[in-house]
Amino acid sequence: HLIESLVGRGLYTLALEWWYITFPPKDIHVICSEDLRTRPAETMETLAEDFLAMPPFGFEDVVSQGMYNVRGHKGYNVATSWDNVEDENDADAGMTDSDLSPELREELSQFFMPYNERLFDLIGKRCDW
């Protein structure tokens, strides 16, 4: 069932809690996908330099080309231009926010809220959802 599938996949904290029990938090770096979309170069630089201790790279040239591994374009050898990213996501998204009734949206929001708060506490930051 579509809703059950979406709900199960949306409980990120349940999967991540095991990793945080198994490994020290300093060895785990979680990136909110919204950060990759809205601040891609900064997000990649933080990952590379601060978490992986790599030398500065300058991701601006790479991320200015678009997004990689977008829906039907699996792989990292071809960028989907930023102009086409939304078209790709819309065409393959299936259910969209507008397909949800206000009542179902509120029910899902209330259901996810405690799990999302647990997640944000666990990873030490908030994602923009």
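**Figure 1. Arg-126, an exposed residue with a charged partner.** Arg-126 has a relative accessible area of 54%, so with a cut-off of over 50% for exposed residues, Arg-126 counts as exposed. This close-up, like the others here, comes from a predicted model. The partner of Arg-126 is Glu-117, and the two form a salt bridge whose closest N and O atoms are 2.7 Å apart. Is Glu-117 buried, partly exposed or exposed? Its relative accessibility is 31%, so Glu-117 counts as partly exposed.

**Figure 2. A network of salt bridges around Arg-39.** Asp-35, Arg-39 and Glu-42 are joined into one network by salt bridges that share partners. Within this group, the side chains of Arg-39 and Glu-42 meet at 3.4 Å, N to O. Arg-39 has 36% relative accessibility and is partly exposed; Glu-42, at 43%, is partly exposed as well. If you would like to look for further bridges, a search of the whole structure finds 5 of them.

**Figure 3. Lys-26 and Asp-27, two neighbours in a salt bridge.** Here the side chains of Lys-26 and Asp-27 come together in a salt bridge, with 3.1 Å from N to O. How open to the surroundings is Lys-26, buried or exposed? With 65% relative accessibility, Lys-26 counts as exposed. Asp-27 has a relative accessible area of 42%, and therefore counts as partly exposed.

**Figure 4. The whole chain, as a guide to the close-ups.** Let us step back for a moment to find our bearings. The chain contains 7 helices and 2 strands. Starting at the N terminus, the order of elements is α-α-α-α-α-β-β-α-α. The chain has 129 residues, and 23% of them count as buried. Its accessible surface is about 9,200 Å², with 55% of that belonging to carbon and sulfur atoms. Among contacts with a separation of 6 or more, 40% are between residues 24 or more positions apart.

**Figure 5. The largest nonpolar core.** In soluble globular proteins, nonpolar side chains tend to be buried together. Which residues make up the largest nonpolar core in this chain? The core has 9 residues in all: Leu-16, Tyr-20, Ile-28, Val-30, Cys-32, Leu-119, Phe-120, Ile-123 and Cys-127. Two elements, H2 and helix H7 (102-123), each give two or more residues to this core. The largest share, 3 residues, comes from H7. A second, separate core has 5 residues, including Val-7, Leu-11, Leu-100 and Leu-108.

**Figure 6. Val-30 and its contacts.** Val-30 is a member of the largest nonpolar core, and this view looks at what lies around its side of the chain. Which residues does Val-30 touch, leaving aside neighbours within four places in sequence? Val-30 is in contact with Leu-16, Tyr-20, Ile-123 and Lys-125. Of these partners, Leu-16, Tyr-20 and Ile-123 are also listed in the core.

**Figure 7. A nonpolar patch at the surface.** Some nonpolar side chains can be found on the outside too: Trp-18, Trp-19 and Phe-23 make a nonpolar surface patch of about 350 Å². Trp-18 has its place in helix H2 (residues 12-22). At 48% relative accessibility, Trp-18 is partly exposed. Trp-19, with 41%, counts as partly exposed, and so does Phe-23, with 37%.

**Figure 8. Aromatic rings in pairs.** A pair of aromatic rings is described by the distance of the centres and the angle of the planes. The structure holds 7 aromatic pairs. One of them joins Trp-19 and Phe-23, with 5.7 Å centre to centre and 15° between the planes. Why is this pair called stacked? Planes under 30 degrees apart count as stacked, so the 15° of Trp-19 and Phe-23 fits that description. Phe-120 and Trp-129 form a tilted pair, 5.3 Å centre to centre with 50° between the planes. The two residues differ in their cover: Phe-120 is buried at 6% relative accessibility, whereas Trp-129 is partly exposed, with a relative accessible area of 45%. Ring pairs link Phe-120 and Trp-129 with Tyr-12 in a cluster.

Key
Residues numbered from 1 in each chain as written. Predicted model: local features only at pLDDT ≥ 70, side-chain atom pairs only at ≥ 80, totals over all residues. Heavy atoms only, no water. Patch = residues over 30% accessible without salt bridge, like charges linked within 9 Å, V, L, I, M, F, W, Y side chains within 5 Å. Areas by Shrake-Rupley, 256 points an atom, 1.4 Å probe, with all protein chains shown as cover. Salt bridge = Lys/Arg side-chain N within 4 Å of Asp/Glu carboxyl O. Helix = DSSP H or I, 4+ residues; strand = E, 2+ residues; numbered from the N terminus. Buried < 20%, exposed > 50% of the residue type's maximum accessible area, 1.4 Å probe, protein only. Contact = heavy atoms within 4.5 Å. Core = buried A, V, L, I, M, F, W, Y, C linked by side-chain atoms within 4.5 Å. Phe/Tyr/Trp six-rings, centres within 6.5 Å; stacked < 30°, edge-to-face > 60°.
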